Amino acid sequence: MNQLDTPLFSGLIQHIRNNPAAFHIPGHKGGKGIDPEFLEFIGPNALAIDLINIEPLDDLHHPKGMIKDAQDLAAKAFGADHTFFSVQGTSGAIMTMILSVCEPGDKIIVPRNIHKSVTSALIFSGAIPIFIHPEIDHQLGISHGITPNAVSKALHAHPDAKAVLVINPTYFGISADLKEIVRISHDHHIPVLVDEAHGVHIHFHEKLPLSAMQAGADMAATSVHKLGGSMTQSSVLNVREGLINHERVQTVMSMLTTTSTSYILLASLDVARKRLYQYGKQLLHDVLHLAAYTRNSINQMENLYCPGEEILGTVATYDFDPTKIIISVKDLGITGHDAEVWLRNHYNIEVELSDMYNILCILTTADTEEDVNYLLQALSALTKSFSQTANERAVHVSIPEIPLLAVSPREAFYADYEIIPLAESAGRISAESIMIYPPGIPIFIPGEIISEDNLAYIFKNVASGLPVQGLQDETLTTIRVLKERVAFK
């Protein structure tokens, strides 16, 4: 085999060309038993490869044939020793990483701005998080990554930690010095796990930040579907031998994965890997050129700012991905959410995300100059529409102290709880998470003790109009806390 082969996709095509008589699931049997309107829209070819793990098609849980071949090719393409395909998205791959190295009571060093899949993995595993605050950008109002120095301090304070988890790059495309973080962690014989949800493409162009495997990390959960051209919910978990037992990784991933795996998703991973390997460098060269044109054009517009290389140079901003177009709209006198809604209503444009001060647009190999020019036209109209209200605004982003962890997130999740007024919850142990955007860092998570400072921070930001999320009571009136235990008399 070589990187131009697609053993999984080609094997599926050969299977349906053989036209076997199917007396197995799925029940629609190549689309014959599905709603006709849906069949007409999706098309018979897609439904023909919506198959199940019969023997000729291999089994994701115990791959020995075409799936194993496809995963082996992906491992070589990504510079890994082993690659596992995920049909549970990158969330499933992130949970697999943590559950593969942590047992109940084990410590794991993690950034405070973790994805909710990390919190889920902490609950499932019973691990104890040792949090590091990410660096905050006070011009843009966003969080960056964690620094090598912060990781070093955490490892010296907790030499018994089982792993270090790093987000690289961040949602906004910013990378810390991952190679140095790996070196420091490996000096302590501790593996580095990377949430690489927004970085599948960086491995395939030298002008992009180092990928997790290039930096020497031990595991990386990588969203191929986000920026690599596969279908939504398809991702990979890349593994390096040494500090990681790949057989345990396979076992854990199997535990978290449906036995009815989607061959459409698996095949899309196979062909996406081939395209990235074969054409990725040239395609990304074109995207980088398009991104530079977009960034320069936006920065010529009044009251908009699109950061570039000038934000580099701090310990937390070691490198960045130019395909992430951050657009600061604060000087227009509106919020990022206001801009998102305006672009939707007036130009039918959907952005990747918005927060108090910014919108984020993502450029991929699918975008053309025509697409970008339409966005630029819309942004120019946006600036004109709000020119009367434009004023230079300061960014107000602060981070509360990390609360004391009284019980593990797992214990808090399974404990009996009661619902009390949020304003009266100081001193109680939270059974929920709550965070504010920006910068998207939890104020507290399950198991942490709520402080008066936490509550003051929440209500101050609510009064400022910042979005507060996480509580089941979206009115922020009540919160779930652990029931207090009464000693026996």
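**Entry 1: proline peptide bonds**

I looked up Pro-26 and found it in the loop between α1 (7–17) and α2. The model I am reading is predicted. The bond that leads from Ile-25 into Pro-26 is cis, with omega near 5°.

I then went to Pro-169, whose place is in the loop between β6 and β7 (174–175). Asn-168 and Pro-169 are joined by a cis peptide bond, and omega is about -10° there. I noted both because most peptide bonds are trans.

**Entry 2: positive phi**

Which sign does phi take at His-189, which is not a glycine? I read a positive phi of about 60°. His-189 has its place in the loop between α8 and β8 (192–196). The relative accessible area of His-189 is 65%, so I put it down as exposed.

I also checked Gln-233, again not a glycine, and read a positive phi of about 90°. Gln-233 is found in the loop between α9 (224–227) and β10 (235–239). I entered Gln-233 as partly exposed because its relative accessibility is 41%. These went into the notebook because most residues other than glycine have a negative phi.

**Entry 3: salt bridges**

How many salt bridges does the structure hold? I have 12 on record. Side chains of opposite charge can pair when their charged atoms come close. I followed up three pairs in turn, starting with Lys-107 and Asp-160, then Glu-180 and Arg-183, then Glu-418 and Arg-428.

The side chains of Lys-107 and Asp-160 meet at 3.4 Å, N to O. Lys-107 belongs to strand β2 (residues 107–111), while Asp-160 sits in the loop between α7 (148–157) and β6 (164–167), so this bridge ties together parts that are 53 residues apart in sequence. I checked how far each partner is covered. Lys-107 has 22% relative accessibility and counts as partly exposed. Asp-160 is partly exposed too, with a relative accessible area of 44%.

For Glu-180 and Arg-183 I read 2.7 Å, N to O. Where do these two residues sit, and how many residues apart are they? Both are in helix α8 (residues 178–187), and because they are 3 residues apart, about one helical turn separates them. Glu-180 is partly exposed at a relative accessible area of 26%. Arg-183 is partly exposed as well, at 42%.

In the salt bridge between Glu-418 and Arg-428, the closest N and O atoms are 2.5 Å apart. I placed Glu-418 in strand β15 (residues 417–421) and Arg-428 in the loop between β15 and β16 (434–436), so the pair ties together parts that are 10 residues apart in sequence. Is each partner buried or partly exposed? Glu-418, with a relative accessible area of 29%, is partly exposed. Arg-428 counts as buried because its relative accessibility is 12% and the cut-off for buried is under 20%.

I then looked for bridges with partners in common. Glu-180, Arg-183 and Asp-187 are joined into one network by salt bridges that share partners.

**Entry 4: a nonpolar patch**

Which residues form a nonpolar patch on the surface? I listed Phe-38, Phe-41 and Ile-42, with about 340 Å² of accessible area together. I traced Phe-38 to helix α2 (residues 36–42). The relative accessible area of Phe-38 is 40%, so I entered it as partly exposed.

**Entry 5: α12 and α13**

I looked up how helix α12 (residues 336–347) lies against helix α13 (residues 369–385). Their axes come within 11 Å and cross at roughly 115°. I therefore wrote down α12 as roughly perpendicular to α13, since the class runs from 65 to 115 degrees. The crossing in which α12 passes α13 is right-handed.

**Entry 6: one long separation**

I ended with Asp-50, found in the loop between α3 (44–48) and α4 (66–78). Asp-50 is partly exposed, with a relative accessible area of 22%. How many Å separate the C-alpha atoms of Asp-50 and Ala-426? I read 52 Å for this pair, which is 376 residues apart along the chain.

Definitions and conventions
Residues numbered from 1 in each chain as written. Predicted model: local features only at pLDDT ≥ 70, side-chain atom pairs only at ≥ 80, totals over all residues. Heavy atoms only, no water. Patch = residues over 30% accessible without salt bridge, like charges linked within 9 Å, V, L, I, M, F, W, Y side chains within 5 Å. Areas by Shrake-Rupley, 256 points an atom, 1.4 Å probe, with all protein chains shown as cover. Salt bridge = Lys/Arg side-chain N within 4 Å of Asp/Glu carboxyl O. Helix = DSSP H or I, 4+ residues; strand = E, 2+ residues; numbered from the N terminus. Buried < 20%, exposed > 50% of the residue type's maximum accessible area, 1.4 Å probe, protein only. Axes fitted to C-alpha atoms, helices over the stretch in contact; angles between N-to-C directions. Parallel < 35°, antiparallel > 145°, perpendicular 65-115°, else oblique. Left-handed = near helix turned anticlockwise from the far one by under 90°.
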